[in-house]
Amino acid sequence: MSQSRQRQPLTYRSRILQPESERAADTHPLTWRLRDDGETVWLDEYLRKDGYQAVRKALSEGDPQTVIATMKKANVRGRGGAGFSAGVKWSLTLKGSGHPRGYIVCNADEMEPGTFKDRLLMEQQPHLLIEGMILAAWANNSRYGYVFLRGEYVEAARSLNRAIEEARQAGWLSPDINGSGFDFDLAVHTGAGRYICGEETALINSLEGKRANPRAKPPFPGQSGAWGKPTVVNNVETLCNVPAVILHGADWYQGLSGDRSEDGGSKLYGCSGPVANPGLWELPMGTTGTEILDRAGGLRDGLRLKAWLPGGASTGFLLPEHLELPLDFDTIGKTGSRLGTGLLTVVPETTSMVSLMRNLEQFFARESCGWCTPCRDGLPWVVKLLQSLENGQGEPGDIEMLEKLAADCGPGLTFCAHAPGAAMPLASAIRYFRHEFEQGIGKPRAQAHQDPIPAGQV
Ligand SMILES: Cc1cc2nc3c(=O)[nH]c(=O)nc-3n(C[C@H](O)[C@H](O)[C@H](O)COP(=O)(O)O)c2cc1C
Ligand code: SF4
């Protein structure tokens with residue numbers, strides 16, 4: 001195994017950069033319980049801070065359909081990146097008489113470069129995720145749950161395992177939760193370190209002990225997922241929104257974003273790259289890039305902003321002029337990019353877009369599962385072309401070939417969204433910074449380029 005493939009346990013902790021005094025229960029449903037000292041909120045403290053009240057409410061009201069209706073009305077859009085309504089997904093899951101009880105799977109793989117939000121929630125507030133999963137299980141009549149966790153997240157695994165045990169001892173997990181007759185239990189499953197395991201059907205294969213190839217759809221997981229049973233896969237942040245939605249209602253949730261966005265709720269936004277204060281903030285959905293960059297203290301060392309990714313390496317580059325846009329699913333979608341995970345990656349003017357793309361495409365090529373040709377064979381070709389351009393040894397036609405390879409990886413042409421995710425930053429980098437790619441044709445460079453992201457982190 002090469003040096004860059006060795007997995008390093010991440011032992012430092014994520015942090016939220018808003019003090020407790022700025023985070024209130026009625027405005028910050030995801031983070032108001034987090035402590036300034038960064039210590040985990042265990043069961044006693046969670047219960048003092050309204051913990052498990054949403055489960056108590058939902059189970060005593062007695063109708064899972066009420067939970068689904070509230071989730072649909074609140075329109076909690078999936079925070080794993082695709083933005084699909086969790087309530088709609090739950091309403092389509094097979095359940096009831098004639099259908100076996102299935103699974104709730106929390107997607108905690110979080111291998112998207114530049115993304116570190118789910119980790120904070122799991123490390124410091126594991127009971128919120130457990131409560132969200134119990135509510136999802138209740139709504140979907142699921143018998144068992146799994147948190148499919150990125151293997152490097154050792155702190156998150158510790159927090160979750162301890163919290164699951166606490167919840168079990170206190171009667172919030174199986175059997176007969178809080179005297180309701182409903183039984184549900186869950187376990188943490190740590191992954192072995194592949195980006196493709198974050199794709200929901202590859203994740204299900206991996207959970208079953210199979211090779212992590214995506215599955216053809218249909219059938220969708222809600223019809224036939226893990227071990228052939230109806231399975232709901234949701235992101236950590238999506239599930240962490242559920243308790244507050246059930247406790248305070250859909251209208252309250254919708255109102256959190258005010259007139260900033262058609263999408264309701266708050267979002268765990270973040271910023272990384274050469275900024276003064278990289279980190280995370282819970283802000284109303286539709287907060288602008290400018291506000292987030294301001295909170296991050298702007299670029300360090302007098303650097304100037306060249307471009308930014310709105311939500312991970314698989315989103316398209318945007319320009320400084322896009323910073324004023326509300327960061328929500330539809331607005332960012334209209335630019336040709338995607339909101340993705342909502343964690344901004346900042347690119348300064350000193351970074352070569354060709355080198356940055358070579359770095360990212362090496363990651364995407366390495367993480368391809370190899371099932372479809374444009375992804376398996378096209379992405380290594382993309383890397384070769386980018387390496388030539390980076391070394392000033394590109395040839396006329398290389399940029400057009402890169403554009404063709406990106407188009408061949410477009411939506412609908414491959415089994416899963418990995419290839420379109422690899423194509424989007426490439427196509428946008430060429431669109432906005434073509435001159436930098438052109439400079440790589442037949443002109444050796446005097447100066448070596450610095451890798452913007454150290455090998456091993458991608
Ligand atoms: C290559 C690839 C990697 C993905 N990685 C993740 C991930 O780490 N976490 C995640 O929540 N979703 C990831 N997704 C999206 C999932 O397939 C799925 O849409 C998501 O878990 C659904 O949850 P949500 O609706 O709550 O967002 C990935 C998708 C692809 C194509
Ligand atoms: S697009 Fe890539 S990762 Fe997805 S199924 Fe095809 S080869 Fe595998």
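**In which sense do strand 1 (residues 103–108) and strand 2 pair, and over how many bridges?** Let us start with this pair in the predicted model. Strand 1 and strand 2 run in the parallel sense, joined over six bridges. A handy pair to pick out is Ala-108, which stands opposite Leu-149 in strand 2. Helix 6 packs on the sheet and touches strand 1, strand 2, strand 3 and strand 4, with its direction at about 145° to that of strand 1. Helix 8 (residues 200–207) also packs on the sheet, in touch with strand 1, strand 2, strand 3 and strand 4. The direction of helix 8 makes about 105° with that of strand 2.

**The parallel sheet, strand by strand.** Welcome to an open sheet of four strands, in the order 3-2-1-4 and with parallel pairing. Strand 3 and strand 4 (231–235) each have a single partner strand, so one side of each is left without a neighbour in the sheet. From one strand to the next, the twist averages 20°. Strand 2 (residues 144–149) is linked to strand 3 (residues 185–190) by six bridges, again in parallel. Within this pairing, look for Tyr-146, whose bridge partner in strand 3 is Ala-187. Follow the chain from strand 2 through helix 7 (residues 154–169) to strand 3, and you have traced a right-handed β-α-β unit.

**The buried side of helix 2.** In helix 2 (residues 53–61), the buried residues are Ala-54, Val-55, Ala-58 and Leu-59. Because they cover an arc of only 120° around the axis, these residues sit on the same side of helix 2. Their cover includes helix 3 (64–74), helix 6 (126–140) and helix 9 (236–248). Just after helix 2 comes Gly-62, which has a positive phi, near 85°.

**A mixed sheet in the order 6-5-8-7.** Here four strands form an open sheet, this time with mixed pairing. At its edges stand strand 6 (279–284) and strand 7 (305–309), each with a single partner strand, so one side of each has no neighbour in the sheet. The twist from one strand to the next averages 30°. Strand 5 (residues 266–272) runs antiparallel to strand 6, and six bridges join the two. To find your bearings in this pairing, try Lys-267, which is opposite Leu-283 in strand 6.

**Where domain 1 meets domain 2.** The chain is divided into domain 1 (3–7 + 14–255), domain 2 (266–348) and domain 3 (353–447). Taken over C-alpha atoms, the centres of domain 1 and domain 2 are separated by 25 Å. Contacts between these two domains involve 28 residues of domain 1 and 25 residues of domain 2.

**Ser-314 and its surroundings.** Our last stop is Ser-314, found in the loop between strand 7 and helix 12 (329–334). Is Ser-314 buried or exposed? Its relative accessibility is 5%, and buried means under 20%, so Ser-314 counts as buried. Leaving aside residues up to four places away in sequence, Ser-314 touches Glu-112, Tyr-195, Arg-338, Phe-364, Gly-421, Met-424 and Pro-425. For a sense of scale, the C-alpha atoms of Ser-314 and Ala-244 are 30 Å apart, with their positions 70 residues apart along the chain.

Technical notes. Residues are numbered from 1 along each chain as its sequence is written. Chains are lettered from A and ligands numbered from 1 in the order in which they are written. This is a predicted model: local features need pLDDT of at least 70, side-chain atom pairs count only at pLDDT 80 or more; totals for chains, interfaces and linings use all residues. Side-chain values use heavy atoms; hydrogens and water are left out. Buried means under 20% relative accessible area, exposed over 50%, partly exposed in between (1.4 Å probe, protein chains only). The arc is that of the directions from the helix axis to the C-beta atoms. Contact means heavy atoms within 4.5 Å. Two strands pair if DSSP finds at least two bridges between them. Axes are lines fitted to C-alpha atoms, for helices over the stretch in contact, and angles run from 0 to 180 degrees between N-to-C directions. A crossover is right-handed if, with the strands pointing away from the viewer, the path from the first strand over the helix to the second runs clockwise. Domain bounds come from an automatic or database domain assignment.
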